[in-house]
Amino acid sequence: MPNLLIINPPDTPYNPKSFLIEPADIVTLVSCVRQRGFQADFLDMDAERLTVADLHACAYDFVLIVCDYHIPLHKNATLKTLFSIAGFYRQKKAFVCICGKQATFKPETFIFSDSPFACALLYEAEDTICQLMEGRQNVPGTAFLDTNRCIKTLPLQQRPDLTRFPLPDYRRIKLENYIDVRPLLSSRGCPNGCSFCHVPAFWGNWRAKTARQVVDEIERLVVNTHAQKIIFLDDNALASPSRMEEICRLILNKKINVTLGCLGRVGNFSRNLAQLMYKAGFRWIHFGAESGSDRLLHQIGKKQTAGQVAAAVSDARYAGFRVRTSWIIDLPDAAEEDLQQTFSLIKQTMPDEIRLHYLSVRLGTAISCQQKEAAASQYIHNNRPVNHFTRMNDTEITDSVQAFLKELQNIGYLVLNGIEDYQKYRHIDWNDKNLKIVSLCPLRYGIGWTK
């Protein structure tokens, strides 16, 4: 029976442990492979601060390197490390694969003559890797080298049924390497089509586990890992409000005592839903607001207005939630007026946590198809502009942002300009429910989550 090693590669530089959360997407992969009867081990090189020199020559038949699958934290400089890891295991005679967004939308990055990668897994990898381990040929949803060319097989016939996935297997996951928030993935995909977002192209339309399965997973996390905080890392946990209502009622019926958070869309949120979620233990929500300009919101296909954003934040705050909102500063065609409308909406709503993004033109998005200029970066957490599609130049954008950050700082917000600031603020009490924070870098989960 062939065995498999699944690797979360080290970021370059490593991600600070002060915001590191276990990769629930890889835990899902490992669990699905084990469900099929294969031996599967997991190595988190980023959390364990490992380099290629630290790798051991264990006898694995297959190695799967996972980069930018569901949780996109790896920076551009990590690409070189991926090849070094693959080369190490290729020398040990392993069949080395890679999966994730770049492997899907641009497999030729990894599949070429003399590459250490034997195969790229396109889109969802749970079934594909198992078929390869079973020895099948021309497995749908793969790319490989043939006569010095990267060749794609037929696409996947259908998307995996998430209701058939096993409960995540946390055996041998070193939870001490991560923050005190356990992640949960209860759905994939999105029914919307925002032009900056890769989710519909990569994951397809929205699919979900049943409410009962989700609550069983929450209960298992509480019992087996002693979880006190759990976050739904779904791209849109509120895609079906009725499903969320059912989840909340089941939690209340089972009397599960845990603090919860989720990411959701303002159009799926209401005051009644907020109040039910609060009763069930939800204390935090993240809305992808994107812009305070209705013109830009319409242009990117967000299907929401600035007024709806303000109403959703108000409803969440009224129910007792701590609220995070995220915004894209330099959307295509953005002008200074649009930027000021965004800043005005932020000041009007005063979220507890504000995440400011610079646009990353992700492979698989409508914007990446529209723009002739190649994507400068696939990393979504750049703290400076990396694309040039606005009506402003980079200096005008960054000057406006820095002036706004100063304004927020003057009214009590903690400002994170980059991940190095986590070291500067290492003595901050992340459980402080009154902490206000604005960030240009990845922002940890679980800030101020209290019952």
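This dialogue explains how to read cavities, a pocket and a helix pair in a predicted model.

Biologist: What should be known about the model beforehand?

Modeller: The model is predicted, so local features need pLDDT of at least 70 and side-chain atom pairs count only at pLDDT 80 or more, while totals for chains, interfaces and linings use all residues. Residues are numbered from 1 along each chain as its sequence is written, and side-chain values use heavy atoms, with hydrogens and water left out.

Biologist: How many cavities are there?

Modeller: Rolling a probe the size of a water molecule over the atoms shows where empty space is left. On a 1 Å grid over the protein atoms alone, a cavity is a set of points where a 1.4 Å probe fits but cannot get out; a pocket is an open set with protein on both sides within 12 Å along at least five of seven lines; lining residues have an atom within 4 Å of a point. Here there are five cavities of 30 Å³ or more. The largest cavity holds about 1,100 Å³ of space (the space filled by probe spheres set on grid points joined across faces, edges and corners).

Biologist: Which residues line the largest cavity?

Modeller: There are 44 lining residues, and Asp235, Leu263, His286, His357 and Ile380 lie nearest the centre. Strand β13 gives the most, with four residues (strands are DSSP runs of E, at least two residues; helices are runs of H or I, at least four; both are numbered from the N terminus). By class, the lining has 22 nonpolar, 13 polar and nine charged residues. Ala, Val, Leu, Ile, Met, Phe, Trp, Tyr, Cys and Pro count as nonpolar, Asp, Glu, Lys and Arg as charged, and the others, Gly among them, as polar.

Biologist: What is the volume of the largest pocket?

Modeller: The volume of the largest pocket is about 500 Å³. Its lining has 16 residues, with Arg36, Asp127, Arg159, Pro160 and Asp161 closest to the centre. Helix α4 supplies the largest share, three residues. The lining divides into five nonpolar, four polar and seven charged residues.

Biologist: At what angle do α10 and α11 pack?

Modeller: Axes are lines fitted to C-alpha atoms, for helices over the stretch in contact, and angles run from 0 to 180 degrees between N-to-C directions. Helices α10 (residues 306-319) and α11 (residues 336-349) pack at about 20 degrees, with axes 10 Å apart. The two are therefore roughly parallel (angles under 35 degrees). The contact (heavy atoms within 4.5 Å) involves residues including Val309 and Val313 of α10 and Leu345 of α11.

Notes:
Parallel < 35°, antiparallel > 145°, perpendicular 65-115°, else oblique.
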